[in-house]
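Q: Please take a close look at the ligand site. Start with the polar contacts, then work outward through the strands and spaces of the rest of the model.

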Amino acid sequence: MTSESRSYLTTPIYYVNDKPHIGHAYTSLAADVMARWRRMSGQEVFFLTGTDEHGQKVEKAAEARGMQPQAFTDMVSEAFRELAARMNYSNDAFIRTTEERHKRACAALWTRLQERGEIYLGHYEGWYAVRDEAFYGPDEITEKDGQKFAPTGAPVEWVREPSYFFRLSAWQDRLLAFYEAHPDFIAPGTRRNEVISFVRSGLSDLSISRTSFKWGVKVPGDDAHVMYVWLDALTNYITALGYPDETGELWKFWPADVHFVGKDILRFHAIYWPAFLMAADLPPPRRIFAHGWWTNEGQKISKSVGNVIDPLALIDEFGLDPVRFFLLREVPFGNDGDFSRRALIGRLNSELANDLGNLAQRSLALIQKNCEGRLPAAGPELPADGEVLDAIRALPGQVDEALGRQAFHEALERIWVVTRLGNSWIDAQKPWSLKKTDPARMLSVLRHLHSLLRCLATVLLPFMPGTMARMLDQLGVPEGRRGLAALASPMPDGTALPPPSPLFQKIQDEAA
Ligand code: MSP
């Protein structure tokens with residue numbers, strides 16, 4: 001198997017300081033759709049998610065609940081597992097950084113970096129934001145009412161302690177050369193430019209250990225230090241593949257194809273991570289995609305404002321697949337976007353229930369009624385069929401191209417162009433009135449509608465796995481024929497189709 005037929009996709013590992021919200025659900029959803037698409041394309045996929053359990057932020061959150069950190073992280077990590085199950089993510093593994101195998105991987109990476117002369121012991125003095133688990137330079141700090149803040153809005157504190165350092169400054173030119181040689185490494189392009197100009201402006205060595213708290217992976221040979229939580233966290237991507245055993249079964253998946261991250265954590269992934277890896281003589285990942293942030297009805301989402309969106313509550317109210325669809329349809333992946341109930345209900349009613357649901361229901365009900373529930377054969381192809389048949393042939397490739405760029409919204413737009421074409425075509429062909437005038441043509445029209453619906457349901461499977469599986473059941477497509485390659489071979493004439501039932505329920509919105 002070549003490396004192109006294999007794909008390693010990851011989500012960030014989530015801090016277990018609080019319960020999951022829409023931002024967590026979003027990053028993993030994108031990775032899930034990608035993983036499902038690649039599996040359907042015949043690739044061997046490894047899709048990883050998990051929880052980031054060390055560091056001061058988590059330690060403080062445990063303290064605030066009066067719990068031991070391990071008991072606390074066991075509890076919150078479970079909530080992220082539950083989210084993964086409720087969101088129907090198809091992750092192949094779930095990693096926790098408090099696992100022994102992960103501590104071993106961190107120690108091995110540390111030792112390798114040390115042996116290669118990339119780490120030295122010094123003294124750190126500077127600003128630290130626990131909320132971001134990040135160090136900030138003096139020029140990045142602002143002050144309000146006597147409190148100092150990082151550019152992210154997180155309060156910072158002055159830290160002075162002995163610390164090990166990673167020679168990040170020595171990697172500046174090699175990182176820039178790497179970005180230059182790999183133009184697709186950071187996406188979207190605007191983010192790439194930001195990273196490049198940040199690196200160009202100069203990199204300082206990075207403090208990679210702390211002594212003022214204990215909740216972390218111990219530095220090999222120096223128990224007074226725990227590793228900086230980002231070095232620990234980033235290592236998860238290779239722990240899960242068996243590192244430091246580079247001969248194990250899963251190691252073939254390295255380097256990762258796409259690390260999906262939010263824009264706030266791009267710097268760690270696009271600067272520190274490839275530098276650590278190159279310094280350890282390991283290949284960097286192929287691509288980091290940084291998506292934007294959601295606001296809620298126009299407002300920044302924050303615990304203190306009390307407008308955090310609970311993905312489980314959304315699923316309870318609207319159903320899982322409409323939520324999955326909406327999050328990737330509403331906002332170009334990479335941009336910031338606003339979540340509004342009105343927009344969600346609008347898309348659910350017009351695009352899912354009307355455009356797709358009604359097209360399926362109308363077509364399948366006609367087949368049920370006029371063909372004894374069996375798939376009719378296509379008659380001679382007429383000029384009027386051309387645009388539908390061409391669209392069916394072209395759509396999987398178009399979706400693949402868009403998803404290859406993580407342009408989920410473009411993939412969905414392509415799919416909706418064809419869905420709308422299906423609706424205008426059925427209205428123009430009027431199969432219901434052909435019954436009397438030209439029954440043979442009616443059968444042919446219904447067959448083409450079936451082919452169109454089969455194509456739509458197949459390419460939509462990764463986005464709405466549950467509902468599209470139901471749609472494929474109604475279309476009589478057996479489980480083994482739901483991959484992309486199967487689309488090229490027509491369904492056997494006469495296939496029995498079960499009576500259709502509606503795929504989506506419209507929502508009556510009191511506020512709309
Ligand atoms: N633990 C680190 C990641 C370590 S990866 C080696 C972390 N965790 S996090 O729980 O704080 O955030 C995880 C993800 O949630 C990030 O990708 C972040 O961008 C995303 N989101 C948090 N709030 C968000 C929104 N309001 N909107 C969209 N995504 C947001 O960072």
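A: Start at His24. In this predicted model, a polar atom of the His24 side chain lies 3.2 Å from an oxygen atom of the ligand. Trp293 makes a side-chain approach too: an N or O atom of its side chain is 3.1 Å from a ligand oxygen. Tyr15 uses its backbone instead. One of its backbone N or O atoms sits 3.1 Å from an oxygen atom of the ligand. On its own, the ligand has 680 Å² of accessible area, and the protein covers 95% of that.

Now widen the view to the shell. It has 23 residues. Ile13, Asp52, Gly262, Asp264 and Trp294 come nearest to the ligand. By class, 12 of the shell residues are nonpolar, 9 are polar and 2 are charged.

Which elements supply this shell? Two strands, β1 (6-15) and β14 (258-262), and two helices, α1 (22-40) and α7 (229-239), each give at least two residues. The top contributor is α7, with 5 residues. Tyr15, with its backbone contact, falls within the range of β1. His24, with its side-chain contact, falls within the range of α1.

Follow Trp294 next. This residue is among those nearest the ligand, and it lies in strand β16 (residues 294-296). β16 belongs to an open sheet of 3 strands. The order is β17-β16-β18, and the pairing is mixed. β17 (299-300) and β18 (337-339) are the edge strands, each with a single partner, so one side of each has no neighbour in the sheet. β16 and β18 run parallel and are joined by 3 bridges. Within that pairing, Thr295 has Asp338 of β18 as its bridge partner.

Asp52 leads another way. It too is among the nearest residues, and it falls within β2 (44-52), a strand that helps line the largest cavity. The structure holds 1 cavity of 30 Å³ or more. The largest cavity has a volume of about 50 Å³. Its lining is Tyr14, Ser28, Thr49, Gly50, Phe80, Leu83, Ala84, Tyr89 and Phe94. β2 and α3 (69-86) each supply at least two of these residues. α3 gives the most, with 3. The lining counts 6 nonpolar and 3 polar residues, with no charged ones. Two of the shell's elements come up here again. Tyr14 of the cavity lining lies in the range of β1. Ser28 of the lining lies in the range of α1.

Next, the paired strands elsewhere in the chain. Backbone hydrogen bonds pair the strands of a sheet, in a parallel or an antiparallel sense. Strand β4 (residues 119-129) and strand β8 (residues 157-166) run antiparallel, with 10 bridges between them. Leu121 has Tyr164 of β8 as its bridge partner. β8 also pairs with strand β10 (residues 206-207), again antiparallel, over 2 bridges. There, Phe166 stands opposite Leu206.

Strand β13 (residues 222-227) pairs with β11 (residues 209-210) through 2 bridges, in the antiparallel sense. Arg210 faces Val226 across this pairing. β13 also takes β12 (residues 218-219) as an antiparallel partner, with 2 bridges. Val219 is opposite Asp222 in that pairing. β12 and β13 form a hairpin with 2 residues between the strands. Gly221 takes a positive phi there, near 80 degrees.

One more space deserves a look: the second largest pocket. About 370 Å³ of space lies in it. It has 16 lining residues, and Ile392, Ser451, Arg454, Leu487 and Pro490 are the closest to its centre. Two helices, α12 (386-404) and α15 (439-460), each supply at least two lining residues. α15 gives the most, with 6 residues. By class, this lining has 9 nonpolar, 4 polar and 3 charged residues.

Back to the ligand to finish. The polar contacts described come from the side chain of His24, the side chain of Trp293 and the backbone of Tyr15. Around them stands a shell of 23 residues, to which α7 gives the most.

Conventions. Residues are numbered from 1 along each chain as its sequence is written. This is a predicted model: local features need pLDDT of at least 70, side-chain atom pairs count only at pLDDT 80 or more; totals for chains, interfaces and linings use all residues. Side-chain values use heavy atoms; hydrogens and water are left out. A residue is near a molecule or strand if one of its heavy atoms lies within 4 Å of it. A polar contact is a pair of N or O atoms within 3.5 Å; within protein, one must be able to donate a hydrogen and the other to accept it, and residues adjacent in sequence count only if both atoms are side-chain atoms. Accessible areas come from the Shrake-Rupley method with a 1.4 Å probe; for residues, only the protein chains shown count as cover. Helices (H or I, at least four residues) and strands (E, at least two) are DSSP runs, numbered from the N terminus. Ala, Val, Leu, Ile, Met, Phe, Trp, Tyr, Cys and Pro count as nonpolar, Asp, Glu, Lys and Arg as charged, and the others, Gly among them, as polar. Two strands pair if DSSP finds at least two bridges between them. On a 1 Å grid over the protein atoms alone, a cavity is a set of points where a 1.4 Å probe fits but cannot get out, and a pocket is an open set with protein on both sides within 12 Å along at least five of seven lines; lining residues have an atom within 4 Å of a point. Grid points are joined across faces, edges and corners, and a volume is the space filled by probe spheres set on the points.
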